[in-house]
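Trainee: I would like a close look at a single part of this model, the packing in its interior. Could you take me through that part carefully and then place it within the chain as a whole?

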Amino acid sequence: MLDTFYREFGHGYRPQWHTDVIDLAGTYLDTPRHALFVAVDGDEVVGTTAVRAQGPASPPHPAWLAERYSGDRTAQLFRVYVRPSHRRLGLARALVDAAVRFIAETPGYEQIYLHTDTRVPGAEAFWRSVAVEVCDARDGDPDRNQTVHFEIPVPAFAR
């Protein structure tokens, strides 16, 4: 995950956004209704996806989005990263499928929210293949995140 912050996003670790990465156990393993899914190739972690019971923060995201996805009934997907050398092999889809199944089987979740920075190669196309756009917040500034917000329906078998 840290590699992604430095190599893909170009900004490195930011404590205001990335504390979960430093405390994986406290954030994902020791917290009920949270989860971390990892794909490995030998001893190397090549993909991740995480689930947390929280919606988007405002700021930086629009206040109406934070309101729509507020409370612990929202499962937010985080840290959906696949190393460039392992992309286009179905890992992201498998990790997201595992996360969605976890959400569907975990009591209390009613919606799945995520956002992505469309500057990451393949990110927007991938999310459009598995999710529904809620808000396109791109402003065209190449130095800032070009964010699109999505929702994935909680599968019917969960109800």
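Mentor: Isoleucine 103, once its neighbours within four places in sequence are left aside, is in contact with Val51, Ala75, Leu77, Tyr109, Ile112 and Val154. The model is a predicted one, and the contacts described here should be read with that in mind. Ile103 also belongs to the largest nonpolar core, a set of 26 residues, in which Val51, Leu77, Val96, Ile103, Ile112, Trp127 and Ile152 touch the most other members. The elements that contribute two or more residues to this core are β1 (35-41), β2 (44-53), β3 (74-82), α5 (91-105), β4, α6 (123-130) and β6 (147-152), and of these it is α5 that gives the most, with seven residues. In general terms, nonpolar side chains in soluble globular proteins tend to be buried together. Apart from the largest core lies another one, made of five residues, among them Tyr69, Tyr113, Val134 and Cys135.

Strand β4, which spans residues 111-117, is also the place of threonine 116. Because its relative accessible area is 8%, and buried means under 20%, threonine 116 counts as buried. Not counting residues up to four places away in sequence, threonine 116 touches Ala123, Trp127, Gln146, Thr147, Val148 and Phe150; Trp127, among these partners, is one of the residues that touch the most other members of the largest core.

The surface offers a counterpart in Val38, Val40 and Val45, which make a nonpolar patch of about 240 Å². Valine 45 lies in strand β2, and its relative accessible area of 41% makes it partly exposed, so it falls between the limits of 20% for buried and 50% for exposed.

As for the chain as a whole, there are six helices and six strands, and, read along the sequence, they follow the pattern α-α-α-β-β-α-β-α-β-α-β-β. Of the contacts in the chain with a separation of 6 or more, 61% are accounted for by residues that are 24 or more positions apart. Buried residues make up 42% of the 159 residues, while the accessible surface of the chain comes to about 8600 Å², with 52% of that area belonging to carbon and sulfur atoms.

Notes:
Residues are numbered from 1 along each chain as its sequence is written. This is a predicted model: local features need pLDDT of at least 70, side-chain atom pairs count only at pLDDT 80 or more; totals for chains, interfaces and linings use all residues. Side-chain values use heavy atoms; hydrogens and water are left out. Helices (H or I, at least four residues) and strands (E, at least two) are DSSP runs, numbered from the N terminus. Buried means under 20% relative accessible area, exposed over 50%, partly exposed in between (1.4 Å probe, protein chains only). Contact means heavy atoms within 4.5 Å. Accessible areas come from the Shrake-Rupley method with a 1.4 Å probe; for residues, only the protein chains shown count as cover. A nonpolar core is a set of buried Ala, Val, Leu, Ile, Met, Phe, Trp, Tyr and Cys residues joined through side-chain atoms within 4.5 Å. Patches are made of residues with over 30% relative accessible area and no salt bridge: like charges are joined within 9 Å, nonpolar side chains (Val, Leu, Ile, Met, Phe, Trp, Tyr) within 5 Å. A salt bridge is a side-chain nitrogen of Lys or Arg within 4 Å of a carboxyl oxygen of Asp or Glu.
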